[in-house]
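Me: I would like to go through a model with you, cysteines to begin with and then the sheet. Could you put it up?
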Amino acid sequence: MSATCGTCRANQGLLAAPGGVIHEDALWRVEHAIEPIPIAGWLIAKPLRHVEAFADLTPEEAAAFGPLVRRVMRAMSEVLAPAKIYLCLFAELENFAHIHFHLIPRWPNDPPAQRGPGVFDLLRRAGTEGRSLADVDEAARRAARIREAMVVDR
């Protein structure tokens, strides 16, 4: 763990995500994106161990990643019924260099400007405006429902 890493701090429970932890095992943690929230249902998967590059994952972390993401996406599909779910890796911010994967639902009626890479305009907008674009209570409800769906899909 790194004392200055925001992802490590979130993994320690020092930054609260709406709806609490969705999944945690010995290697990985999944929870809703923290505020400002661009989309209710936008999840983050991250290794518990501080690691800054995918290539630096241990063989055990790498082996667990695929099945975990599959389970999360199945639960998201069941609960949210999105048109698509994007999976993206970013770890570029100074205090968030710890790798973390964004699992981002896209809705059937989203405008073309919000599809593909355009979805990140919502993240930038939320950050610039300093407020969530999505309802925080709805994000917590979706996180809870996804957690319940993951328990069923073992």
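Reply: The cysteines come first below, followed by the strands and a helix.

Reply: This is a predicted model, where local features need pLDDT of at least 70, side-chain atom pairs count only at pLDDT 80 or more, and totals for chains, interfaces and linings use all residues. Residues are numbered from 1 along each chain as its sequence is written, and side-chain values use heavy atoms, with hydrogens and water left out.

Me: How many disulfides does a search of the whole structure find?

Reply: Zero, a disulfide being a pair of cysteine sulfur atoms within 2.5 Å. For C5, the nearest cysteine sulfur belongs to C8, 3.8 Å away.

Me: And why is C88 without a bond?

Reply: Because its closest cysteine sulfur, in C5, is 19 Å away, too far for a bond.

Me: Is C88 buried or exposed?

Reply: C88 is buried, at a relative accessible area of 17%; buried means under 20%, exposed over 50% and partly exposed in between, with a 1.4 Å probe and protein chains only. C5 is buried too, at 3%.

Me: Now the sheet: in what order do the strands run?

Reply: The order is β1-β2-β3-β5-β4, in an open sheet of five strands with antiparallel pairing. Strands are DSSP runs of E, at least two residues, and helices of H or I, at least four, numbered from the N terminus; two strands pair if DSSP finds at least two bridges between them. At the edges are β1 (21-24) and β4 (84-90), each pairing on one side only.

Me: What joins β1 to β2?

Reply: Three bridges join β1 to the antiparallel strand β2 (residues 28-32), and E24 stands opposite R29 in β2.

Me: Which helix packs on the sheet?

Reply: Helix α4 (residues 136-152) does, touching β1, β2 and β3 (43-47), where contact means heavy atoms within 4.5 Å.

Notes. Axes are lines fitted to C-alpha atoms, for helices over the stretch in contact, and angles run from 0 to 180 degrees between N-to-C directions.
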